[in-house]
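Hello,

Here is the structure I promised to send over. Have a look at it first, and then read on for what turned up.

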Amino acid sequence: MTDSATVWLAIAVAGVGTFLIRFSFIFLFEYLSEVPEGVERALRFVPAAVLAALVVPAVVLVEGSPAVSLGNERLLAAIVAAVVAWRTESIFATIVVGMVVLVGLQMVP
Amino acid sequence: MSSRRGSFLDGARTVAPVMVGIVPFGLVAGAAAVRVGLSGLHAVGLSVLVFAGASQLAAIELLGDNTPAAVVVVTVLVINLRMTMYSASLAPYLQEFSTRWRAAMAYILTDQAYALSVAEFRADESVNRKWYYLGTAVPLWVVWQICTVVGVVVGARVPDSLPLQFAVPLTFLAILVPTITDSPSAVAAGVGGSIAVVGSGLPLNLGLITGAVTGVVAGLVVETGWFR
């Protein structure tokens with residue numbers, strides 16, 4: 001086990017670095033009169049691209065390898081949940097249906 | 001403009017269902033730290049100073065494996081690099097607030113607070129942005145800290161992973177689907193997700209940021225019509 005002081009150092013540096021990442025453009029924009037048009041157009045795609053990069057691996061990867069098959073219960077649950085999200089735009093309904101489908105599939109032997 | 005209180009409560013109401021995923025995730029973040037041999041204070045330190053779940057779990061695993069501190073730090077920063085894009089995306093909406101307020105808002109920036117707030121800012125010009133953002137971000141911070149402490153105390157009785165942790169990707173999915181409004185945004189999501197899967201084996205968790213950046217570029221390329 002790494003000694004406690006080294007762990008604290010890692011936590012502190014990671015914490016400061018993460019704060020600087022978060023603050024970066026929120027800070028810098030003070031010195032910018034307006035957003036360049038190209039940047040503004042690119043920023044429109046940030047939610048879709050980043051959220052997909054978070055969701056898809058969490059759903060598709062099984063023990064580190066892509067598993068696009070009926071045997072992947074999380075993938076099936078996510079597909080049903082995506083339909084619910086599209087129809088209802090409700091976070092709560094999406095989570096509930098996704099969880100219920102996942103637990104249901106896991107009970108099927 | 002909407003009132004401070006009204007906007008804060010609107011934000012808080014929007015973020016409420018997100019807690020279904022945050023609670024088990026926070027418990028695991030506390031319990032996992034203790035399990036690999038870190039102290040409870042280390043776990044709380046991570047939650048207060050880093051405050052970014054996925055990177056905290058990665059750091060805990062690496063510290064438990066005696067990974068050099070520099071590798072731990074770089075891994076955390078690479079996982080959190082996506083938040084530069086959130087920062088850029090939110091910046092125009094927060095420009096009017098003091099540096100001190102913007103620093104505070106940056107400290108509590110999360111995937112969920114970003115995605116929910118930016119969707120609201122785009123849909124409703126009249127919302128009180130500062131208070132709506134705080135309404136989404138502050139409850140996440142408070143619940144995350146409490147759950148970390150509970151996870152530390154309960155420790156080994158929290159399993160390695162909880163089925164309810166799946167609620168976190170489901171939350172992202174629920175926020176993702178309404179952001180796909182046209183073919184460029186659909187391409188951004190499709191490419192972002194696919195590249196993140198392909199890159200999942202890359203060292204230092206580089207797959208996430210690679211997928212995110214590629215997705216944004218792909219959306220822009222399709223919108224511009226460069227490939228036609």
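Let me start with a question: leaving aside neighbours within four places in sequence, which residues is A:Val55 in contact with? They are B:Pro169, B:Phe172, B:Leu173, B:Leu176 and B:Gly193. Before you take that to the bench, please keep in mind that this is a predicted model.

**The core**

A:Val55 is listed among the residues with the most contacts inside the largest nonpolar core, along with A:Ala49, A:Leu51, B:Leu173 and B:Leu176. That core has 116 residues. Helix H3 of chain A provides the largest share of the core, 13 residues.

**Chain A on its own**

Chain A has five helices and two strands. Read from the N terminus, their order is α-α-α-β-β-α-α. The radius of gyration of chain A is 20 Å, well over the 13 Å that the globule rule gives for 109 residues, so the chain is more spread out than a compact globule. Along the principal axes, its C-alpha atoms fill a box of roughly 55 × 50 × 25 Å. Of the 109 residues in chain A, 40% are buried. If you take the contacts in chain A between residues at least 6 apart in sequence, 29% of them join residues at least 24 apart.

The chain is divided into domain 1 (1-33) and domain 2 (37-109). The C-alpha centres of these two domains of chain A lie 30 Å apart.

**Where the chains meet**

The contact between the chains takes 62 residues from chain A and 80 residues from chain B. On the chain A side, at least two residues each come from helix H1 (4-28), helix H2 (37-43), helix H3 (46-60), helix H4 (73-88) and helix H5 (91-107). H1 of chain A supplies the largest share of that side, 21 residues. Sorted by class, the side of chain A that touches chain B has 48 nonpolar, nine polar and five charged residues.

Two residues are good places to zoom in. A:Phe29 sits in the loop between H1 and H2 of chain A. Is A:Phe29 buried or exposed? It counts as buried, because it has 20 C-beta neighbours inside 10 Å, and 20 or more is what the label requires. Setting aside neighbours within four places in sequence, A:Phe29 is in contact with B:Ala91, B:Pro92 and B:Gln95.

From the other chain, look at B:Thr84, which lies in helix H6 of chain B. B:Thr84 counts as partly exposed because it has 17 C-beta neighbours inside 10 Å. With neighbours within four places in sequence left out, the contacts of B:Thr84 are A:Ile21, A:Ser24 and A:Phe25.

**Chain B, its domains and two of its helices**

Chain B is divided into domain 1 (4-158) and domain 2 (180-223), and the C-alpha centres of these domains of chain B lie 22 Å apart. Their contact takes eight residues from domain 1 and six residues from domain 2 of chain B. On the domain 1 side, helix H5 (69-80) and helix H6 (82-94) of chain B are the elements that give two or more residues. H5 of chain B gives the most to that side, with four residues. The residues on the domain 1 side divide into six nonpolar, one polar and one charged.

H5 of chain B deserves a second look. This helix has 12 residues and reaches 17 Å from its first C-alpha to its last, close to the 16 Å expected at 1.5 Å a residue. Its buried residues are B:Val72, B:Val73, B:Thr75, B:Val76, B:Val78, B:Ile79 and B:Asn80. They pack against H1 of chain A, and also against helix H3 (40-50), helix H4 (53-64), H6 and helix H12 (206-224) of chain B.

That brings us to H3 of chain B, where B:His42, B:Ala43, B:Gly45, B:Leu46, B:Ser47 and B:Val50 are buried. The cover over these buried residues includes H1 of chain A, together with helix H2 (19-35), H4, H5 and helix H9 (129-154) of chain B. Just after H3 of chain B, B:Phe51 takes a positive phi of about 50°.

Happy viewing, and write back with any questions.

Best wishes

Technical notes: Residues numbered from 1 in each chain as written. Chains lettered and ligands numbered in written order. Predicted model: local features only at pLDDT ≥ 70, side-chain atom pairs only at ≥ 80, totals over all residues. Domains from an automatic or database assignment. Contact = placed C-beta atoms within 7 Å. Nonpolar A, V, L, I, M, F, W, Y, C, P; charged D, E, K, R; others polar. Core = buried A, V, L, I, M, F, W, Y, C linked by C-beta atoms within 7 Å. Buried ≥ 20, exposed ≤ 12 C-beta atoms within 10 Å, placed from the backbone. Expected span 1.5 Å × (residues − 1). Rg over C-alpha atoms; globule rule 2.2 N^0.38 Å.
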